[in-house]
Amino acid sequence: MIQAPRFSTATQSVFVLCIVATTLFFGGVAWAQVFLTAIVLQSRPESRAERLLLMACSLVWLVIFRWILVRQVFFPYTLHLAACVVLFGSDHNKWRGYIQGIIVVAVFIAIRFLQGATNRVLIIELIVAAVILAFANGFYQLTPKNAASRAILVVLSSLAAVAGLAI
C-alpha cells in the first residue's frame, strides 16, 4: 500500500507557501487562486500530507503551460485540483466532496468570466467539469479508498478535461 510521508505542520505550511508562490509566479493570480481554493477546502489535519502531495502534482499542468504556452491547460489543472477535493471530501460524505469540487470549478468559471469568456464557453466548461467530477466521484465509491485509487482517478479526471477541450 502506498502511504504518504508524515510532515510536521510547519513543513506542510512551507510546502503550501512554496506551491502558491510557484503558481503565482509562473501561472499568475488565476492559477494561485484555484490552488488556494482547493487547499482551503481541504484543510483538515488527517492525511494532509497525502492531500498536499497529490495536489502538488497539479504543477505538471503549470509546467506544460509554460513549456507550450497554451493557456487552455488551465482547465485540466483546475480539474486535477477539483478531483482531489472531490475524492478526499468523499471520504467523509460523497455529496460534500462533490459540492466542494464544484466550488473549485465555480472559482474557475468566475475567473474565466473575468477573462472575457463567452457564456457558451462557460456553460460548456461547467457541464464538462461537472460530468467529469461526477464520474470521478462515482468510480471512487466503487474502488478501495486508498492513495492509489485516488491518484489514478485524479489523473484520469485531468486527462478527461484535456479531451473536454475538444468540445
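**Exercise 1. A charge and a ring**

Task: Determine which ring the charged end of Lys145 sits over in this predicted model.

Solution: The ring is that of Tyr140. The charged end of Lys145 lies 5.0 Å from the centre of this ring. The cut-off for such an arrangement is 6 Å from the ring centre.

**Exercise 2. Classifying two aromatic pairs**

Task: Classify the pair Trp31 and Phe74 as stacked, tilted or edge-to-face.

Solution: A pair of aromatic rings is described by the distance of the centres and the angle of the planes. A search of the whole structure yields nine aromatic pairs. For Trp31 and Phe74, the ring centres are 5.2 Å apart and the planes stand at 40 degrees, so the pair is tilted. The next step is to place the two residues: Trp31 belongs to helix α2 (residues 29-41) and Phe74 to helix α5 (residues 74-90), so the pair ties together parts that are 43 residues apart in sequence. Trp31 and Phe74 are both buried.

Task: Classify the pair Trp95 and Tyr98 in the same terms, and state where the two residues lie.

Solution: The centres of the two rings are 6.4 Å apart, and the planes are at 90 degrees. Planes over 60 degrees apart count as edge-to-face, so Trp95 and Tyr98 form an edge-to-face pair. Both residues lie in helix α6 (residues 94-114), three residues apart, or about one turn of the helix. Trp95 has a relative accessibility of 56% and therefore counts as exposed, whereas Tyr98, at 17%, is buried.

**Exercise 3. A cluster of rings**

Task: State which residues ring pairs link into a cluster.

Solution: The cluster consists of Trp31, Phe65, Phe74, Phe75, Tyr77 and Phe108. Among them are Trp31 and Phe74, the tilted pair of Exercise 2.

**Exercise 4. A glycine in helix α6**

Task: Decide whether Gly97 is buried or exposed, and identify its contacts beyond four places in sequence.

Solution: Gly97 is located in helix α6. Its relative accessibility is 0%, so Gly97 counts as buried. Once neighbours within four places in sequence are set aside, Gly97 is in contact with Val85, Val86, Gly89 and Ser90.

**Exercise 5. The chain as a whole**

Task: State how many helices and strands the protein chain has, and what percentage of its residues count as buried.

Solution: The protein chain has eight helices and zero strands. Of its 167 residues, 47% count as buried. The accessible surface comes to about 8,700 Å², and 72% of this belongs to carbon and sulfur atoms.

Key: Residues numbered from 1 in each chain as written. Predicted model: local features only at pLDDT ≥ 70, side-chain atom pairs only at ≥ 80, totals over all residues. Heavy atoms only, no water. Phe/Tyr/Trp six-rings, centres within 6.5 Å; stacked < 30°, edge-to-face > 60°. Helix = DSSP H or I, 4+ residues; strand = E, 2+ residues; numbered from the N terminus. Buried < 20%, exposed > 50% of the residue type's maximum accessible area, 1.4 Å probe, protein only. Lys NZ or Arg CZ within 6 Å of the ring centre and 35° of its normal. Areas by Shrake-Rupley, 256 points an atom, 1.4 Å probe, with all protein chains shown as cover. Contact = heavy atoms within 4.5 Å.
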